[in-house]
Amino acid sequence: MRIATWNVNSIRQRLDYTVGWLRANQPDVVCLQELKCTDDAFPRLEIEGAGYNVAVHGQKGFNGVAILSRHPLEDVMTGLPGDDADEQSRYLEATISTDGGSVRIASIYLPNGNPIASPKFDYKLAWMDRLTARARMLLELEVPVVLAGDYNIIPMPIDARFPENWLADALFQPESRGRFRALAALGYTDALRACSDDEKIYSFWDYQAGAFQKNNGIRIDHLMLSPQAADRLKATWIDRDERARDKPSDHVPVVVELEIPIR
DNA sequence: ATGGTCGGGGTCCGA
């Protein structure tokens, strides 16, 4: 089973590239982030036309997450538990079932958190605590779980081309990185690091100052696997070519292949 | 030394 995560930075601006990527790569599941549109404005027919079922949790102008699946989407859960007052659309969870097995998958758009001396950073940390609580619950299911998305976390210095540039950024604070590490300590595996020897591998390059041309990138899009998913991990990669296109997203797809046969 | 780019929705905010 092939599972991808991609922050598309507006699904309406990136619809052609998204459909083209689905056709070329034939993933079983894709988690999308930063849709920047409401459920009603999501281009559902075009995605369905490419052969995918759709679960959407949209929001006008900002945020918004979706799960696309070639297989039925079951038990869809919208929003991250733990704060009924949180109105930002950043979390969506569903079960993908095939005859070869089922996977619980979350599409995550973790808050950016900048600037660090602001309520936005507090919101980020509180959101991460809620995510950790949810991740702990999911482990109790003892099934393959994939928590995929834009975590807005640079886990380690090797995950940035120029780590010194990020010292004052919410993406690289000890509090943010510590919470990501806590997720790993629960028993979740960072799929890309578990299955790639390439240290200089990034998933985001800023639009400004020719960051992509200089390979001034960071790795902030992650697929975290429960033990039952990690046991089935076959391969991971990042589709860097998507960033070289005209008018691209600033993020590229990150992909995992799990040994869950599709029958 | 400065500012550099996108997207959405409206002439600024979020990233």
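Q: In which strand of this predicted model does tyrosine 109 lie?
A: The model is predicted, not experimental. Tyrosine 109 belongs to a strand that covers residues 101-109. That strand is β7.

Q: Is tyrosine 109 buried or exposed?
A: A residue counts as buried under 20% relative accessible area and as exposed over 50%. Tyrosine 109 has a relative accessible area of 9%, so the residue falls in the first class. Tyrosine 109 is buried.

Q: At which residues does UniProt place the feature "active site"?
A: The annotation comes from an unreviewed UniProt entry. The positions it gives are spread over 143 residues of sequence, yet they cluster in space, with a largest C-alpha distance of 12.5 Å. The lining of the largest pocket takes in these residues. They are Tyr109, Asp150 and His251.

Q: Which residues come closest to the centre of the largest pocket?
A: The largest pocket has a volume of about 400 Å³. Its lining consists of 19 residues. The closest to the centre are Tyr109, Pro111, Asn112, Gly113 and Asn152.

Q: How do the residues of the lining of the largest pocket divide by class?
A: The lining includes Tyr109, Asp150 and His251 from the UniProt set. For the classes, Tyr counts as nonpolar and Asp as charged, while His falls among the polar residues. The full lining divides into eight nonpolar, six polar and five charged.

Q: Which peptide bond is cis, with omega near -5°?
A: The bond leads into proline 115. Proline 115 lies in the loop between β7 and α3, and β7 is the strand that holds tyrosine 109. The cis bond runs from asparagine 114 to proline 115.

Q: Which backbone oxygen does the side chain of arginine 130 reach?
A: Arginine 130 lies in helix α3, residues 119-139. With a relative accessible area of 12%, arginine 130 is under the 20% cut-off and therefore buried. Its side chain reaches a backbone oxygen at 2.6 Å. That oxygen belongs to leucine 80.

Q: Which residues come nearest to DNA strand B?
A: There are 16 residues around DNA strand B. By class, this surface has four nonpolar, six polar and six charged residues. The nearest are Ser10, Gln13, Arg14, Tyr207 and Ala209.

Q: What percentage of the atoms of DNA strand B within 4 Å of the protein do sugar and phosphate account for?
A: Contacts to the phosphate include those of serine 10 and lysine 120. A base is also approached, with a polar side-chain atom of glutamine 208 lying 3.3 Å from a base nitrogen of DNA strand B. Of the strand atoms that come within 4 Å of the protein, the share of sugar and phosphate is 69%.

Q: How far is an N or O atom in the side chain of serine 10 from a phosphate oxygen of DNA strand B?
A: Serine 10 is found in the loop between β1 (2-7) and α1 (15-25). Its relative accessible area is 11%, computed on the protein chains only, so serine 10 counts as buried even before the DNA is considered. Its phi is positive, about 90°, although serine 10 is not a glycine. The distance to the phosphate oxygen is 2.3 Å.

Q: What is the value of phi near which asparagine 63 sits?
A: Asparagine 63 is in the loop between β3 (53-57) and β4 (65-69). At 7% relative accessibility, asparagine 63 counts as buried. Its phi is positive, in a residue other than glycine. The value is near 55°.

Q: Which backbone nitrogen does the side chain of aspartate 198 reach?
A: Aspartate 198 lies in the loop between α5 (191-194) and β10 (204-205). A relative accessible area of 39% lies between the 20% and 50% cut-offs, so aspartate 198 is partly exposed. Its side chain reaches a backbone nitrogen at 3.2 Å. The nitrogen is that of lysine 200.

Q: Which strand gives the largest share of the lining of the largest cavity?
A: A search of the whole structure finds one cavity of 30 Å³ or more. Its lining divides into four nonpolar, one polar and three charged residues, among them Asp190, Arg219 and Val254. Three residues of the lining come from one strand, residues 221-225. That strand is β12.

Key:
Residues are numbered from 1 along each chain as its sequence is written. Chains are lettered from A and ligands numbered from 1 in the order in which they are written. This is a predicted model: local features need pLDDT of at least 70, side-chain atom pairs count only at pLDDT 80 or more; totals for chains, interfaces and linings use all residues. Side-chain values use heavy atoms; hydrogens and water are left out. On a 1 Å grid over the protein atoms alone, a cavity is a set of points where a 1.4 Å probe fits but cannot get out, and a pocket is an open set with protein on both sides within 12 Å along at least five of seven lines; lining residues have an atom within 4 Å of a point. Grid points are joined across faces, edges and corners, and a volume is the space filled by probe spheres set on the points. A residue is near a molecule or strand if one of its heavy atoms lies within 4 Å of it. A polar contact is a pair of N or O atoms within 3.5 Å; within protein, one must be able to donate a hydrogen and the other to accept it, and residues adjacent in sequence count only if both atoms are side-chain atoms. UniProt positions are given in the numbering used here, feature names are shortened, and annotations may be inferred rather than shown by experiment. Helices (H or I, at least four residues) and strands (E, at least two) are DSSP runs, numbered from the N terminus. Buried means under 20% relative accessible area, exposed over 50%, partly exposed in between (1.4 Å probe, protein chains only).
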